[in-house]
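Visitor: Could you take me through the pockets of this one, with a quick word on the cysteines before we get there? I'd like a close look at what does the lining.

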Amino acid sequence: MQFFGYSYLNRYQTEADGPMDTTVSAVIDKHDIGFLPVDIRGRPLVNKGKTGTWKATAFILAMETAERMSYIGILVNMVSYLVFSMHLTFPKSSDVVNNLVGTTNLTPLLGAFIADAYLGRYWTLLIFGLIYILGSLLLTLLAFIPTWHPSNVTCTSPILAALGQCQQPSDFQLAVLYLGLYIIALGTGGIIPCVSAFGADQFDEEDPKESVWLPSYFNAYYFFVTVGAILSLTLVVNVSESVAYKWGFLITLLSMILALGIFLAGTPRYRHRLPSARLSPLTRIAQVFVAASRKFRLQSPRDGADLYEVYDKESAIVGSRKLAHTPQYRWLDKAAVQTDEDDMKQRAENPSPWKVCTVTQVEEVKALIRIMPIWCTGIILNMAFIQIINFALQGGSTMNRTVAGAVIPIPTFGIASTLVLAVTLPIYDKLFVPLARKYTGNSRGITLLQRQGIGHVFMVLGLLCAGTVEHKRRATAYNLGMEDNPLSPLPISAFWLVPIFSLTGLGELFATVGQLEFFYEQAPDAMRSLGIAIFSANTGVGAFVGTAVVHIIKAVTEPDWVAININWGHMDYYYFFLAVLTFLNFLVFLWFAHRYKYKVPPKSTRRDVVLMKASGTREKSIAV
């Protein structure tokens, strides 16, 4: 099977490849195409009119709505399912979910590697979407087949399940559970780094009429993510809680199948970008460090005038434009210095990138180094968000959730966060951005780093609110002598969770959406999927750090702040601890953000030449 780009690019051979068929006589080197939009066969798009922009992203946004409904539906139900159907304790269930979230947000590094170097984003989305469906099918079968989960015969009370006193799952049952979950995690590894980036690919950055829509696209993307979350927190959660978990899992399976169908339906509309011709980002990064280390005795050049770069093509890296030299991290510039030790023939023609790299290749590495401090400050932010979601819902299980005689499922209260996002994202894009633009002159209203900083503040406020509500909830339990029953409803409304989730929703509006756009925009052309994967890995590392912090807190506090019975613990202290940690992290973020230098937007140098040659090829083919 020949994947996107390579079958057609063989027709667009270089001068060194010899004569071509007379009907396809134009000579287009794939290195000249750069970041130019191409079709599914890798052909430069001469006429973009029928492809891309909102008419293509409509399919991608609809697909992401259904995919998020599936994934979030699985995630928000998982703690309750593990406790009441698989008979794990709340802390153990929380660990499983944390580890799942962590793995789900780290596997995109693998998906990005495959997309950027080999398959392109379209084929990666399709293949990993099928893998996701396999994992979702396994999880659905686990819920439907009685012998695949522990018996409830001796589990006469939900309290016994919450305390881990019911029949425990067998090794086989746990194996099926973990296999299904981690196949889903693998599937999302190809979806997360590609879907938002593939949507952004539908807008031509060098077309002023289209590039202005990119900030609105990222806001729209996250808006439809929240729509999927709302559907999962209403439809999926209520079916799971009111009918049975197995029907909830079946809905998530069908939702993912629908997502893939919608994605395929948009195929004729999509624009694509060339993958880097089997030269992976990791290889290019390694080449820069190896080439620089070979010349560690050399003095770093003062400017980029004497550094190696190709000028007879768009870039030495397929799918990329040239990047301008920057003065930061000058020791890496040694990788682009040609010395007398280099072979003269190689210097004149095509030197080995393990010995001499282009300025663009060096600048790719510099770009990644520049964003890493910002990435690191996002770890604590994401850890705090995940901890609030997990433990605030556990506290909500002891609060009064009855409205007009009906009991609201615990995960449904998380909808406050997504509703805030769904309401404020259009307001932010249509009102706040134009108003702020008048005062700042920035096309986005405020910079991407300023947007993230505001999100940090909202997250600190959310943690302080969570600590205050938990302090009141715990005190009520002890005052009424109900501390030994972690599921007995207290006379305190669960709607006190709404301010917590509203603040975290505003944190997402500013921080998460800002991070998504930041890591896409600041990543080099041929590493856009990797940029989104780095953004996703932030959440994954945050989940694992959260698990580690919980275990450390349990080990050093007496009584445990994070106990099996939430009434026996001190989750209020834990929230306040996280608030202090997140505030200190915010101060570190401000220091790094102040020092950050934004990437200079690259411009194509051979775009018009490629389009003229591609147009000539099409005309001759039609004439023949």
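**Cysteines, then pockets**

Guide: Let's get the sulfur business out of the way: the disulfide count here comes to zero, going by cysteine sulfur pairs within 2.5 Å. Keep in mind that this is a predicted model. Cys 194 counts as buried because its relative accessible area is 0%, with the cut-off set at under 20%. Cys 465 sits at 18% relative accessibility, so this one also falls under the 20% cut-off and is buried.

Now to the pockets. The largest pocket has a volume of about 640 Å³. Its lining takes in 26 residues, and those nearest the centre are Ser 211, Leu 214, Pro 215, Arg 444 and Glu 521. Three elements give two or more residues to this lining: α9 (214–242), α14 (415–440) and α16 (497–522). Of these, α14 gives the most, with five residues. If you're thinking about the chemistry of the wall, the lining of the largest pocket splits into twelve charged, ten nonpolar and four polar residues.

Then there's the second largest pocket, with a volume of about 440 Å³. Here 22 residues do the lining, and His 31, Val 310, Lys 313, Ala 316 and Asn 350 are the closest to the centre. By class, the lining of the second largest pocket has twelve nonpolar residues, along with six polar and four charged.

Technical notes:
Residues numbered from 1 in each chain as written. Predicted model: local features only at pLDDT ≥ 70, side-chain atom pairs only at ≥ 80, totals over all residues. Heavy atoms only, no water. Buried < 20%, exposed > 50% of the residue type's maximum accessible area, 1.4 Å probe, protein only. 1 Å grid on protein atoms, 1.4 Å probe; cavity = no way out; pocket = protein on both sides within 12 Å on 5 of 7 lines; lining within 4 Å. Points joined across faces, edges and corners; volume = space filled by probe spheres on them. Helix = DSSP H or I, 4+ residues; strand = E, 2+ residues; numbered from the N terminus. Nonpolar A, V, L, I, M, F, W, Y, C, P; charged D, E, K, R; others polar.
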